[in-house]
Structures are given as structure tokens and as C-alpha cells.
Amino acid sequence: MWNLVEQLFFFHNPKAGGTSVVDALKRLFPEERQCPRIENDATEHADRGGRYGVFRGYDLYAGHYGRDIRDVVGPRMPMATNFRWPIDRVVSVHRYFRYMVEISDEQARDPRYRAVALAKRLALDDFVTCDDPAVVIHTYDHHYRQLTGSGWSPHYERDLKAARDLIDQMVWFYVCEHPYESLDWAQTAFEGRLGDVARLNVTQAESHSAALGPRAYRQLLAQNQNDIAIYRHALDRLLTETAPVEVRLIA
């Protein structure tokens, strides 16, 4: 049996409060036992070509990594992740790229930064409904693809049951909309050692789903049905884990 406090694989879901969670998790592990960056975008994922074996042997993996990496470096390691209502997460991706990420004119012409460049040119509705592959990788079921294969691959590797099963196996996860419940569960999962999870990397003028036009909102709902399904599944588990014993007995 793996010891939770000693080893963990964290699937960092982008723009879902994960930066502050990762910072808290890193305090639990010596720096030399934390795996260095493996990949952080679709270009690096393609360049890596599935060659992850060299990264075996660390105690903490925390990054925008998918199940493909976890299956190579530690298929039996305890897992955790972070969730956010998928529509708001995609809105935040646009806000982050548009207002927070600075790129040069040269970078704006680089395919690696195409999604950022498009976010700076396109209004929110146009960005989230854009069918450019560089944008789609961020706006279609990203977390679902991350937990079943790789968020940086457009392919759907496994079905919804596989994603739900993985969530059920996780020792803990953080849900943005339920910080108190998430941190209450962390007290048990991490034996009271996790510490504070501060709000970091908050996008200025961050918006919610209401900022979307009706057509864009409906399209986002349609293209994130798997992300919505796993979010609801995770939320059900979170509320079960944190319900007082007497409430569980009544239920």
C-alpha cells in the first residue's frame, strides 16, 4: 500500500484553482523528491512523444499532466486533482490568455502561442466557439481528456466510466466552488498537514458564465458534456466525504 503523505500524483486541471493547491502540496514533499516539469502544453506533449519513463522515481508529480504520464511513472500512486465548473473554467482560460499572458510579436506568430494570440484578438464568445485546433484543445472536455488520456491530445482515449472510476480512486480533490468542503476533506486525507490553500493567479476582471452570450453558452455546454459529468460526479463524492456522520446515516 502506498502512503499518501509520501507519494502523490496530482492532475493539475488548468484555470481551476490548481496553482494554489500545488503550492500547498509541494510543502509536503522535499524539493528533491518533486518531479521536474515534464510538459505544459500541446507542443511539449507532442515533442515528448510518450517517452515518460525517465521521470520515474519521484514522490510528487504535479503539473498539467494526463493519465498517460501517470500510467508510466506511477500506475499505483495515490491521485488527486482539482475541479471547477467547466463553463467558468473555459471563460477563465480566455481571460487568462487575454489579460495575464504577455507575448512578443514574434511569439504571436509562433504556432505554440496561437491560442494566446487568438484570445487577444477574439472576444470571449468568438474565442470559446472557435474551431481552431489550438483553441479546441482548451475548450472541449479538457479535464475529461486529461483524466482518461492527455488534455493536450484531441483524442478521447477512454469512456466516461473510466473517468468516474479514476475519480473514485482518488484520495482527495479540490473543487473551486466548494473550498471549505475541499479543505475540510483535506484535513482527513492529509492528516492535517496540507496547510493553507491561498487564492493565487486570479485573473483580473474574472467573469462567470453570465458573461457569455446565449449561443456561446449553449455551445460550451454541448462541447463539455463529459467535463460536466465528471464535475458532478466529483461534487457528489466531495459532499459525501464531508457530510457529518449523522447526515450520512439519515441519507
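1. Contact is taken here to mean heavy atoms within 4.5 Å, and on that basis the buried residues of helix α11 pack against β4 (172–175) and α13 (225–242). The structure is a predicted model, and the points below should be read with that in mind.

2. Helix α11 spans residues 179–189, and its buried residues are Ser 182, Trp 185, Ala 186 and Ala 189. These residues cover an arc of only 110° around the axis, which puts them on the same side of α11. An α-helix has 3.6 residues a turn, so residues three or four places apart point the same way. The face of α11 turned away from the buried side carries Tyr 180 and Thr 188, both of which are exposed. Just after the helix, Glu 191 takes a positive phi of about 55°.

3. The sheet is open and consists of four strands in the order β2-β1-β3-β4, with parallel pairing. Because β2 (60–63) and β4 stand at the edges, each with a single partner strand, one side of each is left without a neighbour in the sheet. Direction ignored, neighbouring strands of this sheet are turned by 10° against each other on average.

4. Strand β1 (residues 8–11) is joined to β3 by three bridges, the two strands running parallel, and the bridge partner of Phe 9 in β3 is Met 79. With β2, strand β1 pairs in the parallel sense over four bridges, and here the bridge partner of Phe 11 in β2 is Gly 63. Both faces of β2 are covered, since Leu 60 and Ala 62 on one side and Tyr 61 and Gly 63 on the other are all buried. Phe 9, Phe 11 and Tyr 61 also belong to one aromatic cluster, which they form with Tyr 58 and Tyr 65.

5. Eleven aromatic pairs are found in a search of the whole structure. Phe 83 and Phe 173 form an edge-to-face pair, with 5.2 Å from centre to centre and 75° between the planes. Phe 83 lies in strand β3 (residues 79–83) and Phe 173 in strand β4, so the pair ties together parts that are 90 residues apart in sequence. Phe 83 is buried, with a relative accessible area of 1%, and Phe 173 is also buried, with a relative accessible area of 0%.

6. Phe 173 deserves a further comment. Leaving aside residues up to four places away in sequence, Phe 173 touches Thr 81, Phe 83, Ile 167, Ser 182, Trp 185, Ala 234, Arg 237 and Leu 238. Among these contacts, Ser 182 and Trp 185 are buried residues of α11. Phe 173 is also listed with Trp 172, Phe 190 and Leu 194 as having the most contacts inside the largest nonpolar core, which has 67 residues. The largest share of this core, six residues, comes from α13.

7. A last point concerns Asn 226, which is found in helix α13. This residue is partly exposed, with a relative accessible area of 21%, a value that lies just above the 20% under which a residue counts as buried. Not counting residues up to four places away in sequence, Asn 226 touches Asp 141, Tyr 144, Tyr 156 and Leu 160. Asn 226 and His 178 are 48 residues apart in sequence, and their C-alpha atoms are 20 Å apart in space.

Terms used:
Residues are numbered from 1 along each chain as its sequence is written. This is a predicted model: local features need pLDDT of at least 70, side-chain atom pairs count only at pLDDT 80 or more; totals for chains, interfaces and linings use all residues. Side-chain values use heavy atoms; hydrogens and water are left out. Buried means under 20% relative accessible area, exposed over 50%, partly exposed in between (1.4 Å probe, protein chains only). The arc is that of the directions from the helix axis to the C-beta atoms. Rings of Phe, Tyr and Trp (its six-membered ring) pair if their centres lie within 6.5 Å; planes under 30 degrees apart count as stacked, over 60 as edge-to-face and the rest as tilted. Two strands pair if DSSP finds at least two bridges between them. Axes are lines fitted to C-alpha atoms, for helices over the stretch in contact, and angles run from 0 to 180 degrees between N-to-C directions. A nonpolar core is a set of buried Ala, Val, Leu, Ile, Met, Phe, Trp, Tyr and Cys residues joined through side-chain atoms within 4.5 Å.
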